[in-house]
Amino acid sequence: MSSEHQPMAWDAIVLTCSDKQWTQTLQHELDIKYAKGYLGKDVIYLVVEDPKSNVGSGGATINALVTVVEYMSARRGYTSINPDVLENAKILILHTGKQYAYEACSRPFLPLPAKRLSPEFDSLVCNFDLIYSIITNKIGVFAGAGVWVCSTDMVLSLPNYFDLTDAFKDCDVCAVSIPMPPKHLKDHGVYQLDKEGYVENILYKASLDAMESCAVADGTVPSAVGMVFMAQAVAEKLLGFYTKPPLDACTYMGLDSGQPPLKLSLFFDVLLPMTSSVSEDDFVRGNRGSSFGQPVTKAEENSRFNMEYARQTLWNDLHGFKIKACVIEGGSYHYLNQSATEHKKLMLNFPETENLGFLWAKRVHVGIKEPCIVKEDCVVINSLLSGDVKVENRSVVSHCDLNGRVRVGRDCVLSGVHIEHTKRKTKSTDFPDNTVVQGFNVRLHSIGTSRHMLAVHGRHDDIHAPSWKSMSTFCNQPWLVLLNRTGIVMEELWGTEVLNDDKTILTAKLFPVFHISENVGLKEILWLMGEVEDDENKTILRRWRESWRLSFSDILSNTDIEAEFEWRRNLFFKVGQEDLKHTLLNQGNKGFCSLHKSASVEGYTGLLLETLDKVASETVSPGIAARTLANIADMLGGMAGTQGGLRSGPAGNIKWKKAFSYLEAGNFAQGVAAMAKEREHWMGRPDLLIRAARHYEGAAQILIRQAVMTAQEFFNTSEGTLPLMNKWVQADCPARIDISGGWSDTPPITYEHGGAVTMVGLLVNGKRPIGAKARRIKEPILRLVLVPGDCEAGAVNTVVECRHLSDLEDYCQPRAPGALLKAAFVCVQLIDLQSSATLAQQLLDNFGCGFELHSWSNLPHGSGMGTSSILAGAVLAALLTAAGKSFDIPGLIHAVLYLEQLLTTGGGWQDQIGGLVGGVKIGLSEARLPLQVDFVDPEIRPQLLQEFNSRLVLIYTGKTRLARNLLQDVVRNWYARNPNIVHTEDELVNLARECVQAFVDGDFQAVGNCVAQYWEHKKCLAPGCESTTIARIMTVLKPYVYGMCSAGAGGGGFIYGIMKEPNCHAFIREILNQQKDLEAVVYDACVDTEGLTITQED
């Protein structure tokens, strides 16, 4: 597909079904695909049953077209079928076809070794999806409006690029063809083409000599792959057949009118009259007509007359059209025949087509638990292997649940097999090399139930070969070996009414499905293949003889398709459930939003919610519990879809308060159980689901706080010198800018992924802009004073006096006056809110005084330069010193983490490192709890710092924004393990290390490049961080800087850049002043190498 072509937007998609009892089941499968967006939007999608089971591909096509046009006509408001709806319509008809021995649900639903790239929903890829995608994205884009008809009994692969524009110009019918060597097509259809590429003839099972007449220059032959496009005029002719007896007999309308069914082949009854070298007489008389292009023989006179009349009508209506071949060089065509060897070969070496949105893989949605071993060249799809399972080379395993001691030999095919060994000493179940073992859900109509049963044969067996032939085998051995070993006699396998040529594996009554008093199944299958020996009493033989047995043909004819899909879906979500549990408990970097959304569509939310509840309630890690609750929020959000509102919103409904209190107390089990109980009342409407999701995110925040609070163990104080009464202790700190790595320090990312941030402490306009001071006062109270900054002209101090413990209880409400200062007393345990002693008693007993504590920041609100965290550090430093406590800077960094969790504002650790340590530093944290932060001083030479100062430009945008608006989205995406977010976090950590090395090297162009990359990372993590003002400033200054970035989360506040030329600050000011409606201000900034300074009044 070339870049100018867009994928087909279908008006209608039809899947035909030859067995009407499974029409609703297949419709349900299409319902799921549509709900997941796989079929496009606003498309009619139908499963149309054939009027009779043997109307042929041509009859099924005409019936499907009539049905879907009737449906489209009704939608348009017509009261009868109106061919006008075909104008500009794009219709796709896919034929389910006949039974396939190696796929219980028929060929369209054969699972493929492929995954969807960037899926919104989690699901398997089947042959239906492949064919649909090939037509929608690769071939159909060249055709325009019309009707596509395609078989699903084959697998196609196409080259990456090809141009079919000319193939579809002015064509009536276009038949897709892939050139293949003649030896590969001896059992298939081929096209004979004229020089202009039109079809002269269609041959089926032609001899090699006959195929030579069809060969092109390179010796290949155009294969008839079962994919045909019909223009509107042709589709209208086919549609009209529902009014023309006897052709109406292949539609449901003709059948409802009492017509006997009519069998038509798409290729040899519908398309053949459009070829140029077939005569009217040969076609009408059936010498070239009828199914598969063979002459009619032994036909009853009425039937023969009926068919000749039908073919005459077909000739008269269709011979005026031409078929053009659409030959695609470089592709491949694989017919899904009834050979186990060919099936296994196809699955192991699947012909890949690129650019379809699939990732081809040998492991697709599988759970393989240790110590299970699966050889690398095996294909495993939708299966769970646990216990001690070993799968040898070149085997294919699909839809299997194997638990216990199981050995699968080389070159085996296992499908739908369930083995559960509950006892440790159970003997190993061994499937020998080259064995095909299949599980089926079979409908037993006489007793009105379905049962799961097993069937077996050898990979080298020809299931159609009569048993009397010398090369005929069962389980890769002559039939005589089976009979001699087991004691089975031929008459027990085939009745006397079965002809010798019909005595095959397909018809042999080999496989027990039901015994009146004993279980039958696996043991009997192992006995048939020679892996289990019978005892002296021939117990297995007796049980086998007493059982109700089915042949392979019986099984295929009576497969319960609905039960098969249910088994596969149950297993799919069981695998997902195990993967979800394992990933959460082992803190793996894998997201499950697509699984959650699929569970919502397919009705498995209860299973996954139960699993998530169990993980959250049983873990002792607040980090794991928090992530698990966030997954529940994603599940609820997925269930609401787009109908419930925005995910972000309040999470303080009183009905959840009790559950939250349990979590606050560290009682995960009770908290999770209480939340699950309350959740049941919020499941009825999308808006309630969204509100419940918000409360689960709120619960996750409680546990994130607890996880971060583990940093408290790395903060310790010791007794120091108590200052004199009324003497001020002042703490001053620089601001900070983050140069690379920010967001990796944000909980929960920092303790789940690990973080690294390069930051710089800055003097702003020559001053340390953030500070606090404390002193002891005689009155046993806490006097808290919030001093307005220099930029808050006319503002006055805010004074808060705490005389009772109750005055401190709002310390966890960030907007409460003095909340930060109150939280500081609680954080370092100078005050115990749970104590029976009054506030005054505690102050007098412990310190003999009260305290007065002031704080200030001379930076604009929402500056992005770490003000709140650095201010917390300054407050703690001043307060602890005034209280006679000594501490170290690393401990103080952890204390700030703890304080911000008490305050419920959250926050990472980069701000306090930058403001408390100063200089150029790289902060580090490992992916573990308890959360421990370290920093490294790269010891930048003073002259390099001076050069950095000369190149650093700090600009206030004039706009403010709080990081909290961005934080929720980043954390939500991280918990969902969005692949882009995970990759970006990896890049951030690497970039921080690269950036600090650039500082050491004095390579400020490299530093600027790191800054530029960092800004791109920030925009990836939080797309809302680039306001129009920021974008405008950066665009204007781009020619003059190596790189620019916002300070902090972005969206407003300060931005900074690394200038290409030193000391160009005045020039930058002039450029910004020339811009209209821009309030940007350039501040003076330079590196502060000291960090926190504490001074005491004499």
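**Notes on the predicted model**

1. Overall picture. The protein's secondary structure adds up to 34 helices and 46 strands. Keep in mind that this is a predicted model. Along the principal axes, the C-alpha atoms take up a box of roughly 125 × 80 × 60 Å. There are 1098 residues in the protein, and 57% of them count as buried. If you look at contacts between residues at least 6 apart in sequence, 70% of them join residues at least 24 apart.

2. Strand β24. Have a look at residues 435-444, which make up β24: nine of the ten are buried, so to speak of this strand as mostly covered is fair. β24 has a parallel pairing with strand β21 (residues 413-415), made over three bridges. In that pairing, L414 sits opposite V437 of β24.

3. The β24 and β25 hairpin. β24 also pairs with strand β25 (residues 449-458), this time antiparallel, and ten bridges join the two. One residue pair to click on is V436 with its bridge partner H457 in β25. Four residues lie between the strands of this hairpin, and G448 takes a positive phi near 65° there.

4. A four-stranded sheet further along. Here the strands are ordered β42-β43-β41-β44 in an open sheet, and the pairing is antiparallel. β42 (1041-1046) and β44 (1081-1083) are the edge strands; each has a single partner strand, so one side of each has no neighbour in the sheet. On average, and ignoring direction, neighbouring strands of this sheet are turned by 30° against each other.

5. Pairing and packing on that sheet. Five bridges hold the antiparallel pairing of β42 with strand β43 (residues 1054-1059). Within it, C1045 is found opposite Y1056 of β43. Helix α32 (residues 1004-1021) packs on the sheet, where it touches β42 and β43, and its direction makes about 35° with that of β42. Another helix, α34 (residues 1065-1073), lies across β41 (952-956), β43 and β44, and runs at about 30° to β41.

6. Helix α20. Which residues of α20 (residues 657-664) are buried? They are A659, F660 and L663. Seen down the axis of α20, these buried residues fall within an arc of 100°, so they line one face of the helix. On the face turned away from that buried side you find K657 and K658, which are exposed. The cover over the buried residues of α20 includes α19 (622-640), α21 (668-679) and α22 (686-708). Just past the end of α20, G666 takes a positive phi of about 85°.

7. Cavities. How many cavities of 30 Å³ or more turn up in a search of the whole structure? The search finds three. The largest cavity holds about 340 Å³ of space. Its lining consists of 18 residues, and those lying nearest the centre of the largest cavity are E29, S123, L124, F565 and R569. Helices α1 (23-35) and α16 (561-585) each give at least two residues to this lining. α16 supplies the largest share of the lining, with four residues.

How values were computed. Residues are numbered from 1 along each chain as its sequence is written. This is a predicted model: local features need pLDDT of at least 70, side-chain atom pairs count only at pLDDT 80 or more; totals for chains, interfaces and linings use all residues. Side-chain values use heavy atoms; hydrogens and water are left out. Buried means under 20% relative accessible area, exposed over 50%, partly exposed in between (1.4 Å probe, protein chains only). Two strands pair if DSSP finds at least two bridges between them. Axes are lines fitted to C-alpha atoms, for helices over the stretch in contact, and angles run from 0 to 180 degrees between N-to-C directions. Contact means heavy atoms within 4.5 Å. The arc is that of the directions from the helix axis to the C-beta atoms. On a 1 Å grid over the protein atoms alone, a cavity is a set of points where a 1.4 Å probe fits but cannot get out, and a pocket is an open set with protein on both sides within 12 Å along at least five of seven lines; lining residues have an atom within 4 Å of a point. Grid points are joined across faces, edges and corners, and a volume is the space filled by probe spheres set on the points.
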